[in-house]
Each structure stands twice: as C-alpha cells, then as structure tokens.
Amino acid sequence: MTVYDSGDWFKCKKEIIRDENISRSAKWLYIVLAYHDNFFSGDKGFFTRTNADLMKDAGMSEKTLKKAKAELINAGYIECWKNNLYTNSDHEKLTTFRICYYRILK
C-alpha cells in the first residue's frame with residue numbers, strides 16, 4: 001500500500017505554484033479543485049461541485065471564488081461548465097438546480 005492508497009495524499013501539479021501571473025486565491029482554489037479531481041473524477045475526467053459547496057471547501061466568498069475561477073479558466077488551468085440535473089435520457093428537468101462541472105487541464 002502506498003501513501004496515495006491510504007487517502008492521506010493527493011496529486012497536484014506544481015506548475016501553478018510557480019506561475020507568477022496567478023493570484024494566491026486562484027492557486028488555493030486550484031489546490032482545492034485538484035483535491036476533488038483526485039477523489040471524484042475517476043474515468044470520467046471531470047467532477048461536479050456547486051458554487052456554494054466550493055465556497056465552503058475553499059473558504060472563499062462568492063466574489064473571490066468567481067474571480068479565482070475566471071483566472072484559472074483564462075490561464076488554461078481548468079475547464080468549467082454548468083448544466084441542470086436531468087431525470088432521464090429525454091432530458092426532462094429534475095430541478096432548476098444548476099451544477100458546475102470541472103476538469104483539470106494542466
């Protein structure tokens with residue numbers, strides 16, 4: 001068993017830490033997103049998180065979250081899109097609740 005198997009560690013690329021064009025808030029958000037990516041993406045290559053949950057996870061205000069997320073998207077570190085949850089293949093809406101999908105790009 002490795003330390004990765006025990007759940008005590010997760011992978012996060014160090015490139016962002018060295019990127020002088022990225023704010024500390026965006027770097028912290030990237031680390032939080034990398035944590036979720038390691039545990040929840042699986043074979044899909046993406047994971048979901050609501051803004052409210054991500055604000056809580058990162059300890060950020062909504063304004064800071066939106067700014068940091070935009071910074072990461074514009075720099076090509078992440079991809080993010082929103083969609084409604086659906087009940088079936090006919091895309092009948094389950095709810096008006098929208099969720100964010102995230103993919104780590106680098």
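Reader: In this predicted model, how should I read the packing of α2 and helix α4 (residues 62–74), and at what angle do their axes cross?

Author: The general idea is to look at how close the two axes come and then at the angle between them. Here the axes of α2 and α4 come within 9 Å and cross at roughly 80 degrees. Angles of 65 to 115 degrees count as roughly perpendicular, and α2 and α4 are therefore roughly perpendicular to each other.

Reader: Which residues of α2 and α4 make the contact?

Author: From α2 the contact draws on S25, A26, L29, Y30 and L33, while α4 brings T64, L65, A68, K69, E71 and L72. Sorted by class, the residues of this contact of α2 with α4 are 7 nonpolar, 2 polar and 2 charged.

Reader: How do helix α2 (residues 24–40) and helix α3 (residues 51–58) cross?

Author: The same reading applies to this pair. The axes of α2 and α3 come within 10 Å, and the crossing is at roughly 110 degrees, which makes α2 roughly perpendicular to α3. For a crossing one can also ask about its hand, and that of α2 and α3 is right-handed. On the α2 side the contact is made by W28, L29, V32, L33 and H36, and on the α3 side by L54, D57 and A58; by class, these are 6 nonpolar, 1 polar and 1 charged residues.

Reader: At what angle do α3 and α4 pack?

Author: Their axes lie 10 Å apart, and the angle between α3 and α4 is about 95 degrees, so that α3 is roughly perpendicular to α4. The contact joins N51, L54 and M55 of α3 to E62, L65 and K69 of α4, with 3 nonpolar, 1 polar and 2 charged residues.

Reader: Which residues of α3 are buried, and where do they lie around the axis?

Author: The general idea begins with the geometry of a helix: an α-helix has 3.6 residues a turn, so residues three or four places apart point the same way. In α3 the buried residues are N51, L54 and A58. Around the axis they cover an arc of only 60 degrees, which puts them on the same side of α3. The other side of α3 has A52 and K56, which are exposed.

Reader: What happens just after α3, at G59?

Author: Here the thing to read is a backbone angle, phi, and its sign. Just after α3, residue G59 takes a positive phi of about 65 degrees.

Technical notes:
Residues numbered from 1 in each chain as written. Predicted model: local features only at pLDDT ≥ 70, side-chain atom pairs only at ≥ 80, totals over all residues. Heavy atoms only, no water. Axes fitted to C-alpha atoms, helices over the stretch in contact; angles between N-to-C directions. Helix = DSSP H or I, 4+ residues; strand = E, 2+ residues; numbered from the N terminus. Parallel < 35°, antiparallel > 145°, perpendicular 65-115°, else oblique. Left-handed = near helix turned anticlockwise from the far one by under 90°. Contact = heavy atoms within 4.5 Å. Nonpolar A, V, L, I, M, F, W, Y, C, P; charged D, E, K, R; others polar. Buried < 20%, exposed > 50% of the residue type's maximum accessible area, 1.4 Å probe, protein only. Arc of directions from axis to C-beta.
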